[in-house]
Amino acid sequence: MAASLSLGSALDFGANYLMAPLADSTSSASAIWDFADWETRRFNPYKAEDVKFPIQIDFADSTFALPMARKMVVTSRYGWRNGELHRGIDLDLITGDDVYALLGGKVRYVKYHTGHGKTVVIRHANGLETVYAHLSKQLVKVNDIVKKGHLIGKGGTSGNARGSHLHLEVRFQGRTLNPESFFDFTKSDHIRAKRLWVTKAYANPRNYSSVRPSRLPVLTNYPTPKIEKPKSEVAVKEKPIPREGADQSIQPKKEIPIEVASQEPKRLSINGNVKYNQKNPYVIKYGDTLYSLARAHHTTVDGICKENGIPDAFKIKVGQKVILDF
């Protein structure tokens, strides 16, 4: 199978990686696109897949095709947005604008999908899939082989779209990845590197904010795993050997185990309970205000709004998730 993905052991500690075949993105050889796990009826047929991280993504080209023939304006990024997860990137366009394929590939899905509206999904030789949503017209059909820059549709507002824009996603076996980890839409048409690594943290939209560029560095080398130290260790000294002729009735002092406490910093929640620095978002409770949350977490209302993309500080609701530690 020419375009299959093979799993292997990368280093001694057994982390798995994915080797993707490198094929010229402009090639039309049918063997390159003969995928075994080919499904054209469902948007996400990989729900049962257990993706092993980190994954290695290789690109044959050093450039990609811009999805529209206009200046790229990012209106919303991958990550938290108004207390919900935004799993793609939004690019401004006018209804009727041409939409082009970022890379060469094979069209896997052309349908109307809930939320996404009229959608086109393209599978690429390195295992990535690009999703083009909210289209007004779809100009390709399933199993079409497309080249980089191929016209695939027209921009629009279909599905759950507030205003005309292109919602673009990058997926790997159903898992959404940050498109800006691979492509720089604001400065050039260059792919960030010919070989990139993605860890589980990089594939989690909770680690991003939709209102600012990612702070995570691009991984061009194999990420060394962190060796976790236990939270507590007991230091016990060896029992001393008594000197010759010493009085055996005199026992040495009993060693007291020394607990090495975790150094994780603590924060107070608004109800006074101790909580550790948040990796997960805070859930708004009845009676909470952004002012009280800002005071409890030593930040500002403005900062919380910017971090979470909240347009109106007075419009928060019970159950809404917000990031407070940043």
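This note goes through the fold, charges and long-range pairs of a predicted model.

1. **Overall make-up.** The protein chain has 326 residues, and 44% of them count as buried. Its secondary structure comes to 2 helices and 22 strands. The accessible surface is about 18800 Å². Carbon and sulfur atoms supply 51% of that surface.

2. **Contacts along the chain.** Take the contacts in the protein chain with a separation of 6 or more. Residues 24 or more positions apart make up 66% of them. Some pairs of this kind come up again below.

3. **Salt bridges in general.** How many salt bridges does the structure hold? The count is 15. Side chains of opposite charge can pair when their charged atoms come close. Three of the pairs are taken up in the next points.

4. **Asp-37 and Arg-123.** These two side chains form a salt bridge, with 3.4 Å from N to O. Asp-37 sits in the loop between strand 2 (16-19) and strand 3 (55-58), and Arg-123 in strand 10 (residues 117-123), so the bridge ties together parts that are 86 residues apart in sequence. The two ends differ in exposure. Asp-37 is partly exposed, at 40% relative accessible area. Arg-123 is buried, at 5%.

5. **The network around that pair.** Which residues join Asp-37 and Arg-123 in a network of salt bridges? They are Arg-108 and Glu-129. Arg-108 also appears in point 8, as a contact of Pro-45.

6. **Glu-39 and Arg-41.** A salt bridge joins these side chains as well, at 3.3 Å from N to O. Glu-39 is buried, with a relative accessible area of 13%. Arg-41 counts as exposed, at 61%.

7. **Glu-180 and Arg-77.** The closest N and O atoms of this salt bridge are 2.9 Å apart. The pair links distant parts of the chain, 103 residues apart. Glu-180 is in the loop between strand 15 and strand 16 (195-198). Arg-77 is in the loop between strand 4 (74-76) and strand 5 (79-81). Are the partners buried or exposed? Glu-180 is buried, at 12% relative accessible area. Arg-77 is buried too, at 14%.

8. **Pro-45.** This residue lies in the loop between strand 2 and strand 3. That loop also holds Asp-37. Pro-45 has a relative accessible area of 18%; the cut-off for buried is under 20%, so Pro-45 counts as buried. Neighbours within four places in sequence set aside, Pro-45 is in contact with Glu-39 and Arg-108. Glu-39 is the salt-bridge partner of Arg-41, while Arg-108 belongs to the network with Asp-37. Pro-45 and Gln-173 are 128 residues apart along the chain, yet their C-alpha atoms are separated by 8.3 Å.

9. **Glu-84.** Strand 6 (residues 84-86) contains Glu-84. The residue counts as exposed, at 55% relative accessibility. Which residue lies 224 positions from Glu-84 in sequence but 9.1 Å away in space? That is Asn-308, with the distance taken from C-alpha to C-alpha.

10. **Positive patch.** A patch of positive charge lies on the surface. Its residues are Arg-87, Arg-175, Lys-200, Arg-206 and Lys-321. Arg-175 is found in strand 15 (residues 175-177). Its relative accessible area is 30%, and Arg-175 is partly exposed. Strand 15 also borders the loop that holds Glu-180.

Note on methods: Residues are numbered from 1 along each chain as its sequence is written. This is a predicted model: local features need pLDDT of at least 70, side-chain atom pairs count only at pLDDT 80 or more; totals for chains, interfaces and linings use all residues. Side-chain values use heavy atoms; hydrogens and water are left out. Helices (H or I, at least four residues) and strands (E, at least two) are DSSP runs, numbered from the N terminus. Buried means under 20% relative accessible area, exposed over 50%, partly exposed in between (1.4 Å probe, protein chains only). Contact means heavy atoms within 4.5 Å. Accessible areas come from the Shrake-Rupley method with a 1.4 Å probe; for residues, only the protein chains shown count as cover. Patches are made of residues with over 30% relative accessible area and no salt bridge: like charges are joined within 9 Å, nonpolar side chains (Val, Leu, Ile, Met, Phe, Trp, Tyr) within 5 Å. A salt bridge is a side-chain nitrogen of Lys or Arg within 4 Å of a carboxyl oxygen of Asp or Glu. Lys and Arg count as positive and Asp and Glu as negative; His and the chain ends are not counted. The place of a charge is taken as NZ of Lys, CZ of Arg, CG of Asp or CD of Glu.
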